[in-house]
There are 2 protein chains.
Amino acid sequence: MGFKKRRVKLEDIARKLNVSIATVSRALDENPRVKPSTREKVFNTAKLMGYMPNQIAKSLSSGKTNIIGVLIPRYDEPFFIEVCRGIDQYARNHNYKILISSSRNSYEFEKENLISFERGLVDGIILSPTHETENVAHLNDLISKGMPMVLFDNIREQVSGADHVMIDDKKASFAAVEFLIKKGKKKIAFIGGIKEKKVFQDRYKGFIAALTEYDIPVHKELILHCNSLHREFEDKEILDFFQHLSTTPDAVFACTDNYGLLTMKTLLKTGKKIPEEVAVIGFGDLGLGEVFVPTLTCVSQPSFEMGQKAAELLINQLNEPDEMDHKKTIVRLETQLTEREST
Amino acid sequence: MGFKKRRVKLEDIARKLNVSIATVSRALDENPRVKPSTREKVFNTAKLMGYMPNQIAKSLSSGKTNIIGVLIPRYDEPFFIEVCRGIDQYARNHNYKILISSSRNSYEFEKENLISFERGLVDGIILSPTHETENVAHLNDLISKGMPMVLFDNIREQVSGADHVMIDDKKASFAAVEFLIKKGKKKIAFIGGIKEKKVFQDRYKGFIAALTEYDIPVHKELILHCNSLHREFEDKEILDFFQHLSTTPDAVFACTDNYGLLTMKTLLKTGKKIPEEVAVIGFGDLGLGEVFVPTLTCVSQPSFEMGQKAAELLINQLNEPDEMDHKKTIVRLETQLTEREST
DNA sequence: AAAAAAAATACAAACGTTTGTATTATCGTT
DNA sequence: AACGATAATACAAACGTTTGTATTTTTTTT
């Protein structure tokens with residue numbers, strides 16, 4: 001056997017049964033236009049011959065691939081994986097597959113990936129813009145060509161023509177900081193991420209708003225915007241920050257779980273007691289917080305649900321008969337504060 | 001504009017330039033058969049008209065999709081994500097995309113996913129079998145139909161006709177346990193995963209082999225095979241285990257990072273000092289171990305490299321002119337022990 | 001039993017490429 | 001200026017489906 005097995009195709013079944021290809025195609029589709037007895041014969045023969053439909057040919061003919069393109073800024077962040085799981089679950093239940101790509105935090109790669117999606121491999125796109133993505137011309141462009149699109153997380157500028165799935169970052173962090181204030185904390189530190197990222201901007205706004213609301217002065221010294229894009233450096237950055245503080249805060253609001261953990265780790269090393277001396281809150285709640293001692297109080301972000309919702313919106317768009325009369329939706333999912341040992 | 005924009009195709013360019021479709025196709029391919037001046041014109045017009053090739057049509061015509069199907073048991077395990085990153089990187093550099101699916105730890109879903117891959121959407125498959133996968137008839141079947149395949153991790157039974165990428169689990173765990181023994185540890189506990197999973201079986205063998213080698217008796221009581229497939233339950237299972245021990249071990253060899261962390265967490269809660277009273281080693285080393293206090297000594301598994309290697313092997317298979325004379329390869333990647341504070 | 005209606009099936013174009021072969025244009029040679 | 005050689009291009013089939021329309025077969029009606 002030194003040859004590649006030729007695949008069985010509709011034609012082979014048709015020939016064997018002395019019917020037309022069209023009939024075979026319709027029979028397998030359970031189209032009522034073919035006689036039940038014929039359908040039966042076709043089914044049996046197809047099984048017997050080991051027929052397997054050719055997805056590519058189907059797609060070319062029907063103009064649908066039943067694939068959803070998903071573009072995330074990076075793989076190694078549990079949040080995005082969790083969103084993908086959500087997308088995958090919903091998509092799978094509706095007969096779609098997902099093709100995940102990473103823009104590796106780069107605007108250029110984002111554009112590159114979108115171009116590749118534009119080549120007709122996907123029916124629609126779910127995307128989380130990178131922090132580098134300042135303008136959305138490339139997205140508008142794609143949408144105007146008729147590509148259905150849903151955005152989630154970190155939406156700096158709204159894109160007319162795309163659905164959006166987000167949380168209210170400002171509100172969520174306001175609530176978290178308010179929670180700390182009500183515990184009697186007065187010197188609250190802020191650990192944020194890269195300033196360019198919309199979600200971090202909003203979380204910062206919520207932080208400031210809460211302090212303002214409760215007449216607590218803002219100490220510039222207690223604020224850190226992490227710039228690192230890689231785990232190893234974040235570690236160092238946070239360590240440095242706490243080492244060079246002239247006073248110790250009595251609480252820390254961290255913009256991600258990971259920052260929260262790194263904060264706790266640093267504080268514990270310098271002998272601080274958590275939560276007695278310093279309370280810590282993280283953001284995200286993707287399992288990491290429960291492993292640590294003490295466990296980390298978190299703003300719980302419904303990541304899986306965000307994915308499900310995004311998939312739902314996209315598939316709805318795909319099913320609209322006239323794409324143009326779709327009323328674009330903005331969905332804001334609720335967050336909640338999950339209290340654990342660190343506060 | 002209530003209509004879907006029709007895509008520009010080769011025919012449109014051809015008509016505009018008064019040349020044939022074939023010429024346009026070849027021009028865009030930079031085929032030397034077309035005159036440089038014509039190629040120039042075609043390129044310009046293509047750009048002007050916003051031509052975007054149709055990947056589906058290309059695939060149907062050429063018989064190649066340039067997509068690699070990846071099937072992993074679950075998304076929410078950093079190991080698999082890391083392998084996927086490795087695959088993705090290599091694949092991308094060689095003009096392939098990856099389509100990831102999860103078999104959700106189920107043999108049935110594994111088969112289902114493979115059938116969907118068989119529909120011609122992917123050129124080849126990289127797969128990590130589930131723990132439920134006892135026989136590999138479905139894999140052999142697919143391979144005999146000409147589907148290139150590479151297996152990684154948890155290979156219970158070798159599949160002739162597929163390449164394999166693995167680590168030597170037994171050797172790695174032997175080394176880890178030996179390390180503990182040489183530190184003077186005598187009562188070493190073992191925290192493994194589901195017994196059906198080949199990797200856990202091998203890690204257990206390595207553990208036993210090390211004890212035997214150094215004439216240390218095996219205490220059944222100190223051995224736990226976690227059965228939980230979900231994080232929440234693992235937690236409880238490990239807590240229970242340590243609570244019901246009549247004696248405390250002086251070291252723990254855990255078969256995953258997560259088990260290692262949970263172990264440390266449990267021990268710390270009961271007031272044990274790590275590493276003075278109990279040393280702990282984990283397995284995997286995917287970043288989690290560095291967050292904890294104390295940091296976790298780990299067997300470092302080259303996950304990213306496993307992915308890269310798997311992709312390399314698969315793409316090599318895809319490029320072989322005659323698929324049948326490919327000498328199937330088994331690659332064993334090296335592990336190493338990364339010493340941190342927990343030992 | 002013939003005509004009309006309905007059911008079942010066949011034909012053929014279309015989806016947008018690639019690619020082998022045939023044809024036409026261009027060039028150098030004499 | 002005619003010829004052959006070569007370069008450039010055109011034609012058409014193929015990839016494996018789907019689907020609108022035409023045709024044939026069967027059933028119903030009178």
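This short talk goes through a protein with chains A and B and its DNA strands C and D, starting with the symmetry and ending with a few backbone details.

Before the details, a word on conventions: this is a predicted model, in which local features need pLDDT of at least 70 and side-chain atom pairs count only at pLDDT 80 or more, while totals for chains, interfaces and linings use all residues. Residues are numbered from 1 along each chain as its sequence is written, chains are lettered from A and ligands numbered from 1 in the order in which they are written, and side-chain values use heavy atoms, with hydrogens and water left out.

Let me begin with the symmetry. Chain B can be superposed on chain A with an RMSD of 0.1 Å, by a turn of 180° and a shift of 0.0 Å along the axis, where the fit is by least squares on the C-alpha atoms of residues with pLDDT of at least 70 in both copies. The two copies are thus related as by a two-fold rotation axis. Within chain B, the residue that comes closest to this axis is B:Leu99, whose C-alpha is at 2.6 Å. The same surface serves both copies, in that 98% of the contact residues of chain B recur in chain A, contact meaning heavy atoms within 4.5 Å.

Now to the DNA, beginning with strand D. Around DNA strand D there are 26 residues, of which A:Ser25, A:Arg33, A:Ser61, B:Ser20 and B:Thr38 come nearest; a residue counts as near a strand if one of its heavy atoms lies within 4 Å of it. Looking from the side of the DNA, 58% of the strand D atoms within 4 Å of the protein belong to sugar or phosphate, and the rest belong to bases.

Which elements supply this surface? At least two residues each come from α2 (21–28) and α4 (55–62) of chain A and from α2 (21–28) and α4 (55–62) of chain B, with helices taken as DSSP runs of H or I of at least four residues and strands as E runs of at least two, numbered from the N terminus. The largest share, four residues, is that of α2(A). By class, the surface near DNA strand D holds eleven nonpolar, eight polar and seven charged residues, where Ala, Val, Leu, Ile, Met, Phe, Trp, Tyr, Cys and Pro are nonpolar, Asp, Glu, Lys and Arg are charged, and the others, Gly among them, are polar.

Some individual atom pairs are worth listing. For strand D, a polar side-chain atom of A:Arg26 lies 3.0 Å from a base nitrogen, a polar side-chain atom of B:Thr38 lies 2.6 Å from a phosphate oxygen, and a polar backbone atom of A:Asn54 is 3.4 Å from a phosphate oxygen.

Strand C can be described along the same headings. DNA strand C is surrounded by 26 residues, the closest being A:Ser20, A:Thr38, B:Ser25, B:Arg33 and B:Ser61, and sugar and phosphate account for 59% of the strand C atoms that come within 4 Å of the protein. The largest share of the surface near DNA strand C, four residues, comes from α2(B). An N or O atom in the side chain of A:Arg26 is 3.2 Å from a base nitrogen of DNA strand C, one in the side chain of A:Arg33 is 2.7 Å from a base oxygen, and one in the side chain of B:Tyr51 is 2.9 Å from a phosphate oxygen.

Next, a helix pair in chain B. The axes of α6 (residues 107–117) and α7 (residues 137–144) of chain B come within 11 Å and cross at roughly 10°, the axes being lines fitted to C-alpha atoms over the stretch in contact, with angles running from 0 to 180 degrees between N-to-C directions. α6(B) and α7(B) are therefore roughly parallel to each other, a term for angles under 35 degrees. The contact is made by B:Tyr107, B:Glu110, B:Lys111 and B:Leu114 of α6(B) together with B:His138, B:Leu139 and B:Leu142 of α7(B).

Finally, the backbone. The peptide bond from A:Ile274 to A:Pro275 is cis, with omega near 10°, and A:Pro275 sits in the loop between α11 (257–269) and β9 (279–284) of chain A. In chain B, the bond from B:Ile274 to B:Pro275 is cis with omega near 10°. A:Asn105, although not a glycine, has a positive phi of about 55°, and A:Asn105 lies in the loop between β2 (97–102) and α6 (107–118) of chain A.

Terms used: A polar contact is a pair of N or O atoms within 3.5 Å; within protein, one must be able to donate a hydrogen and the other to accept it, and residues adjacent in sequence count only if both atoms are side-chain atoms. Angles under 35 degrees count as roughly parallel, over 145 as roughly antiparallel, 65 to 115 as roughly perpendicular and the rest as oblique.
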